[in-house]
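Me: Please go through this model with me, strand pairing to begin with. Short answers will do.
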Amino acid sequence: MRLRVKLFATYGEIVGSKELMWTAKEGERLGDFLDALFGKYPRLAGHRDTMLLAVNHSFAPPDEVLHEGDEIALMPPVSGGAA
């Protein structure tokens with residue numbers, strides 16, 4: 001199945017692109033996708049614990065099952081501005 005991956009801020013710089021198309025196996029989970037992505041882009045792995053994950057514009061846990069055409073977003077943690 002084909003997935004669209006959006007990489008924000010530093011993650012896009014590490015990969016060299018703000019967006020990727022990714023091929024995954026049917027029924028793959030978000031965590032499995034991340035393992036494969038980190039295998040291809042090892043510098044991303046150091047960000048795993050703080051990475052915000054979303055599937056189709058909703059935050060998602062690593063056990064989320066992916067489907068054909070899903071859009072995955074990988075975002076760094078966000079800090080607040082002035083109060």
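Me: Over how many bridges do strand 1 and strand 5 pair?
Reply: This is a predicted model, in which local features need pLDDT of at least 70 and side-chain atom pairs count only at pLDDT 80 or more, while totals for chains, interfaces and linings use all residues. Residues are numbered from 1 along each chain as its sequence is written, and side-chain values use heavy atoms, with hydrogens and water left out. Strands (E, at least two residues) and helices (H or I, at least four) are DSSP runs numbered from the N terminus, and two strands pair if DSSP finds at least two bridges between them. Strand 1 (residues 2-7) and strand 5 (residues 71-75) pair in the parallel sense, and the number of bridges is four.

Me: Which residue in strand 5 is the bridge partner of Leu-53?
Reply: Strand 3 and strand 5 run antiparallel and are joined by four bridges. On the strand 1 side, Leu-7 stands opposite Leu-74. The partner of Leu-53 in strand 5 is Leu-74.

Me: What is the order of the strands in the sheet?
Reply: Strands of a sheet pair through backbone hydrogen bonds, either parallel or antiparallel. Here five strands form an open sheet with mixed pairing. Strand 2 and strand 4 (58-59) are the edges, each pairing on one side only. The order is 2-1-5-3-4.

Me: Which residue in the turn between strand 3 and strand 4 has a positive phi?
Reply: Strand 3 and strand 4 pair in the antiparallel sense over two bridges, and Ala-54 stands opposite Phe-59 in strand 4. The two strands form a hairpin with two residues between them. The positive phi, about 55°, belongs to Asn-56.

Me: At what angle does helix 2 run to strand 2?
Reply: Axes are lines fitted to C-alpha atoms, for helices over the stretch in contact (heavy atoms within 4.5 Å). Angles run from 0 to 180 degrees between N-to-C directions. Helix 2 lies across strand 1, strand 2, strand 3 (52-55) and strand 5, and its angle to strand 2 is about 115°.

Me: Which element gives the most residues to the largest nonpolar core?
Reply: A nonpolar core is a set of buried Ala, Val, Leu, Ile, Met, Phe, Trp, Tyr and Cys residues joined through side-chain atoms within 4.5 Å; buried means under 20% relative accessible area, exposed over 50% and partly exposed in between, with a 1.4 Å probe and protein chains only. Of the 24 residues in the largest core, Phe-33, Leu-44 and Leu-74 touch the most other members. With five residues, the element that gives the most to this core is helix 2.

Me: What is the centre-to-centre distance in the aromatic pair of Trp-22 and Phe-33?
Reply: Rings of Phe, Tyr and Trp (its six-membered ring) pair if their centres lie within 6.5 Å; planes under 30 degrees apart count as stacked, over 60 as edge-to-face and the rest as tilted. A search of the whole structure finds one aromatic pair. Trp-22 and Phe-33 form this edge-to-face pair, with 85° between the planes and a centre-to-centre distance of 5.5 Å.

Me: Is Glu-28 buried or exposed?
Reply: Glu-28 is found in the loop between strand 2 (19-23) and helix 2 (30-40). Beyond its neighbours within four places in sequence, Glu-28 is in contact with Met-1, Phe-33, Glu-64, Val-65 and Leu-66. Because its relative accessibility is 13%, Glu-28 counts as buried.
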